[in-house]
Amino acid sequence: GFRYYVVGSCEFNSSKLNDIEFTLSYYYNKLEYIRFSSSVGKYVGYTEHGIKNAERWNNGPEVITSRGEKERYCLSNVGIDVESALTKS
């Protein structure tokens with residue numbers, strides 16, 4: 001069978017919104033074919049299929065929705081992650 005999955009992640013050094021990077025990566029059979037990065041602000045394709053989707057998604061509502069994910073997903077969880085890391089160290 002084939003395996004398709006999406007991984008969203010936040011990388012941060014502080015709780016300031018400017019220091020947080022949100023990435024959303026799409027994989028098919030262990031190969032990343034497209035990624036949204038909040039530092040770039042758009043989708044980037046890594047395969048022929050990913051490049052075509054990136055062009056289409058960057059011109060549609062998908063890119064606007066993904067730009068808001070950094071604030072919605074990362075900022076609301078950064079306090080929880082920092083507190084969890086500090087209590088275990």
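## Tyr-28 and the surface patch

Let's start with Tyr-28, which sits in strand β2. This is a predicted model, so everything here describes a prediction. In it, Tyr-28 has a relative accessibility of 38%, so it counts as partly exposed.

Tyr-28 also has some nonpolar company on the surface. Together with Phe-2, Tyr-4 and Val-6, Tyr-28 makes a nonpolar surface patch of about 450 Å².

## Inside the core

Now for the interior. In soluble globular proteins, nonpolar side chains tend to be buried together. Here, the largest nonpolar core has twelve residues. Among them are the aromatic residues Phe-22, Tyr-26, Tyr-33, Phe-36, Tyr-43 and Trp-57. The core also includes Ile-20, Leu-24, Ile-34, Ala-54, Val-63 and Cys-74.

Which elements supply at least two residues each? They are the strands β2 (20-28) and β3 (31-37), along with the helices α1 (48-58) and α2 (61-88). Strand β2 gives the largest share, with four residues. So β2 turns up in both stories: it supplies core residues, and it holds Tyr-28, one of the residues in the surface patch.

## Charged pairs

Side chains of opposite charge can pair when their charged atoms come close. How many salt bridges are there in this model? The count comes to three.

Take Glu-32 and Arg-35 to begin with. Their side chains meet in a salt bridge, at 2.8 Å from N to O. Is Glu-32 buried or exposed? With 15% relative accessibility, Glu-32 is under the 20% cut-off, so it counts as buried. Its partner Arg-35 is partly exposed, at 29% relative accessible area.

## Bridges along the helices

Another pair, Glu-48 and Lys-52, belongs to helix α1. The closest N and O atoms of this salt bridge are 3.7 Å apart. Why are Glu-48 and Lys-52 separated by about one helical turn? Because they are four residues apart in the helix. Both ends of this bridge are out in the open: Glu-48 is exposed, with a relative accessible area of 61%, and Lys-52 counts as exposed at 54%.

Helix α2 has a pair of its own, Glu-69 and Arg-72. Their side chains meet in a salt bridge at 2.6 Å, N to O. These two are three residues apart, so about one helical turn separates them. Arg-72 is exposed, with a relative accessible area of 51%.

Note on methods. Residues are numbered from 1 along each chain as its sequence is written. This is a predicted model: local features need pLDDT of at least 70, side-chain atom pairs count only at pLDDT 80 or more; totals for chains, interfaces and linings use all residues. Side-chain values use heavy atoms; hydrogens and water are left out. A nonpolar core is a set of buried Ala, Val, Leu, Ile, Met, Phe, Trp, Tyr and Cys residues joined through side-chain atoms within 4.5 Å. Buried means under 20% relative accessible area, exposed over 50%, partly exposed in between (1.4 Å probe, protein chains only). Patches are made of residues with over 30% relative accessible area and no salt bridge: like charges are joined within 9 Å, nonpolar side chains (Val, Leu, Ile, Met, Phe, Trp, Tyr) within 5 Å. Accessible areas come from the Shrake-Rupley method with a 1.4 Å probe; for residues, only the protein chains shown count as cover. A salt bridge is a side-chain nitrogen of Lys or Arg within 4 Å of a carboxyl oxygen of Asp or Glu.
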